[in-house]
Each structure stands twice: as structure tokens, then as C-alpha cells.
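Okay, thanks for coming, everyone. I'd like to walk you through a structure today, mostly how some of its helices pack and what its cysteines are up to.

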Amino acid sequence: MRSTNPIAALFGKSPFKPLQQHMRVVTECVALVPGLFQAVIDGDQDLLSEQKAKIFVKEREADVLRNDICDHLPRSLLLAVDRQDLLGLLAMQDAIADTAQDIAGLVVSRRMDVPAGLGEPLMRLVSRCVDTCEQAHKIIEELDDLLERGLHGRDAQKVQAMAVELGRMESDTDIMAMDLTRVLFAAEDTLKPISVVFWYQLIQWVGNLADYAEKVGETLRLLIARR
């Protein structure tokens, strides 16, 4: 009897279709993070709570998809894709949404007053990390064309180049995060020690959005390299 589960049906078309669906939700989740931080900077508690709620909804949606994919992922795929590769990609994608949820939970649970001089570089970092996640999303959307050609040829080169660019973007976020941390530490004498700790943690988590996005690209580069 043919399965009526939509995820199982997607696997019948392509092993990447469910991962693409999951990544779309992850990207929608991350796209809410800039608004979250803008609300923190503006001191808009109503908007902050609204953005946090939206992020939590998207993260739960991603979790449901992840669990459904894991439950219906075939034990063997008669394709040029290893099951563990797919699970690795799924884990990296899901970590992005999990991190967005962690960020939202912290800024709402503890009122975060933005230190002087931190707002503008913080928003630049957040924006670049979101760009990095969107680049990972673009790569995932290329996978159907790549699979049709057996993970070889011009499409493979295109994905490889996109992954290299993704790595460059993530490097940008590393530099921006270090610069932002310097701004934070320069102001630490005027801040409560616990505030410095929490802001440092937030900066690390924002950077982790880009780190996990880069791992999506690296996983795909290794997948292609083995073919």
C-alpha cells in the first residue's frame, strides 16, 4: 500500500526534497532574528515577545519536519546519496533553527540592555549571519539538478563554488564577531559583569548561525568530492 505521508512521498521523488522543505522553514526561522535584535535595541518589549513567539513556532515546525524525515528516511537509497550524508545535512540545518530559538529565549528571558556602541555592529553581524544561512539555503535548492547529473559536471562545480563563497561569508562573520567582542570588552567597566557574560554568549550564538550554515556547505562539498 502506498504511503499517504507527505514526507514519504517526497522521498519517492528525490532524497533531497524533504531536506529542501526543512531548510526553507529553517531559513524562515532565521529571517526573524534581525527583527528580534532590532526590538532589543529599540527597547520594544511587545515586538520582542512577538518575534520570539514567531521564532519558536518556526523552530517547532522545523523539528516536526526533522522528526518526520528521520522516521521515513529509507534504510537504503538506490541513489548516489548515502543515508548518513542526508542525516548529517539534516542535523546541521536543524542546528541553525535551534540556535535561533536559543537566542530568542535568552533575550526574552533576561532583559538585555544594549551597551553603547554595540547596536550598529551587532546588527551588521546579525545581517551577515542571516546572509550566510540564506546562501546555505540556495545551495540546498540546487541539489535536485545536481542529483540528476550524478553529482558531477557543471552543476557540481556550481555547488562547489557556492560552498566556497559560503565559507568566505562565514569568515566575514568570524571577523565581525571578534570586532564586536572587542567593543563589548572595551565597555565592560561600565557594565555589570553578568551583562558582559550574557552579551558574550549572545555574540557567540549569533556567530553559530553562520558556523552551522557553513557546515551545510562543507558536508555537500565532501559528498561531491567522494563521487
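**Helix packing and a pair of cysteines**

So, let's start with helix H3, residues 33-42, and helix H6, residues 119-141: they pack at an angle of about 170°, and their axes are 9 Å apart. Keep in mind that this is a predicted model. That angle makes H3 roughly antiparallel to H6, because anything over 145 degrees counts that way.

Who makes the contact? From H3 we have Val33, Pro34, Phe37, Gln38 and Ile41, and from H6 there's Gly119, Leu122, Met123, Val126 and Val130. Sort the residues of that H3 and H6 contact by class and you get eight nonpolar, two polar and no charged.

Now the next pair. Helix H2 covers residues 17-30 and helix H4 covers residues 45-72; their axes come within 8 Å and cross at roughly 165°. So H2 is roughly antiparallel to H4. As for handedness, H2 passes H4 in a left-handed crossing.

On the H2 side, the contact uses Pro18, Leu19, Gln21, His22, Val25, Val26, Glu28 and Cys29. H4 answers with Ile55, Lys58, Glu59, Glu61, Ala62, Leu65, Arg66 and Ile69. What's the mix of classes there? The contact of H2 with H4 has nine nonpolar, two polar and five charged residues. Compare that with the contact of H3 with H6, which has no charged residues.

Okay, on to a single residue. Thr173 sits in helix H8, residues 153-186. Is Thr173 buried or exposed? It's buried, because its relative accessibility is 0% and the cut-off for buried is under 20%. Leaving out residues up to four places away in sequence, Thr173 touches Leu125, Arg128, Cys129, Thr132 and Ala210.

One of those neighbours, Cys129, brings me to the bench question: how many disulfides are there? The count comes to zero. Cys129 is in no disulfide, and the nearest cysteine sulfur, the one in Cys133, is 7.0 Å away. Flip it around, and the closest cysteine sulfur to that of Cys133 is in Cys129, at 7.0 Å; that's too far for a bond, because a disulfide needs the sulfurs within 2.5 Å.

And are these two cysteines buried or exposed? Cys129 is buried, with a relative accessible area of 0%. Cys133 is buried as well, at 1%.

That's my tour; happy to go back to any of the helices.

Terms used. Residues numbered from 1 in each chain as written. Predicted model: local features only at pLDDT ≥ 70, side-chain atom pairs only at ≥ 80, totals over all residues. Heavy atoms only, no water. Axes fitted to C-alpha atoms, helices over the stretch in contact; angles between N-to-C directions. Helix = DSSP H or I, 4+ residues; strand = E, 2+ residues; numbered from the N terminus. Parallel < 35°, antiparallel > 145°, perpendicular 65-115°, else oblique. Left-handed = near helix turned anticlockwise from the far one by under 90°. Contact = heavy atoms within 4.5 Å. Nonpolar A, V, L, I, M, F, W, Y, C, P; charged D, E, K, R; others polar. Buried < 20%, exposed > 50% of the residue type's maximum accessible area, 1.4 Å probe, protein only.
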